[in-house]
Amino acid sequence: MHILLTNDDGIEAPGLLALAQALKPVGKLTVLAPDHNWSASGHVKTLHRPLRVWHRRLADGTPALTTDGAPSDCVALAVLGLVEETIDVVVSGINPYANLGHDVTYSGTVTAAMEAAISGIPGLAFSLDGAENHGAELEYEAAAELAAGLVRQVMAQDPPRGLVLNVNIPCRPRQELRGVAITRQGLRVYRDALVHREDPRGRPYYWIGGEAPTGVPDPGTDFWALAEGYVSVTPLQLDLTAHEQVATLQGWGLEL
Ligand code: MN
């Protein structure tokens, strides 16, 4: 099995290193990650500038590639021929914060997995439910071992083309985890606030700030799973059609 590993936090992120080390026994590993942090960059396709790629090594000496493109560009680059050997699965992470509910449309971690699905390759995104402003204190090793175990199990099932799994791991010791819950997206509650200040030259600037988002832990959702101590596995699809609204709109009789 040939695994492409990427992330949205950049080639130097500790979550990437931990996942690389845990995935080595699972299959052949190719690491291609952005050269800087693309968190909350969404699903990107860079079309209006060239992409550069450099050889790098992770902190443990693992050979890796890095690019000035986005996480989804990493997947596209690899699949379109930068990486010669066929890729069987794309693994993204480990992100230091959970990606829940509506976060998936913002998340570079998740959209890298979505890009894999567009190429017909299973994509698994892994995020750790780190506390707000946890700094660099997170322990990724246990979560990475768990992630590698899930990659192994999912690939043993001969997963369907286009499978995207959004996996969120509670930040708890292994013995406190209750198992794996297959979940649906819950409702994210954002508490963004616009900060309006002036720069030193008197020109206004704006910064989207505010408090960390919360979520509604309805049973069966990703929020619920994390709150209850389960690893949350949400299958995603790129078809965002609001099927229940199609009939309503047809009833509106829109015309030219
Ligand atoms: Mn990130």
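User: Happy to look at this predicted model with you! How are α1 and α5 oriented to each other?

Analyst: Helix α1 covers residues 14-23 and helix α5 covers residues 141-156, and they pack at an angle of about 45°. That angle is neither under 35 degrees nor in the range 65 to 115. The two helices, α1 and α5, are therefore oblique to each other.

User: Is the crossing of α1 and α5 left-handed or right-handed?

Analyst: The axes of the two helices lie 8 Å apart where they pack. As α1 passes α5, the crossing is right-handed.

User: Which residues of α5 does α1 meet, and how does the contact divide by class?

Analyst: From α1, the residues taking part are A18, L19, A22 and L23. Their partners in α5 are E141, A144, E145, A147, A148 and V151. By class, the residues of this contact divide into eight nonpolar, no polar and two charged.

User: Let's turn to the largest pocket. How much space lies in it, and which residues are closest to its centre?

Analyst: The space in the largest pocket comes to about 990 Å³. Its lining is made up of 31 residues. Closest to the centre are Y97, A98, D103, R188 and P213.

User: Which element gives the most to the lining of that pocket?

Analyst: At least two lining residues each come from α3 (103-106), β9 (187-198) and β10 (204-216). By class, the lining has 12 nonpolar, 11 polar and eight charged residues. With seven residues, the element that gives the most to the lining is β10.

Notes:
Residues numbered from 1 in each chain as written. Predicted model: local features only at pLDDT ≥ 70, side-chain atom pairs only at ≥ 80, totals over all residues. Heavy atoms only, no water. Axes fitted to C-alpha atoms, helices over the stretch in contact; angles between N-to-C directions. Helix = DSSP H or I, 4+ residues; strand = E, 2+ residues; numbered from the N terminus. Parallel < 35°, antiparallel > 145°, perpendicular 65-115°, else oblique. Left-handed = near helix turned anticlockwise from the far one by under 90°. Contact = heavy atoms within 4.5 Å. Nonpolar A, V, L, I, M, F, W, Y, C, P; charged D, E, K, R; others polar. 1 Å grid on protein atoms, 1.4 Å probe; cavity = no way out; pocket = protein on both sides within 12 Å on 5 of 7 lines; lining within 4 Å. Points joined across faces, edges and corners; volume = space filled by probe spheres on them.
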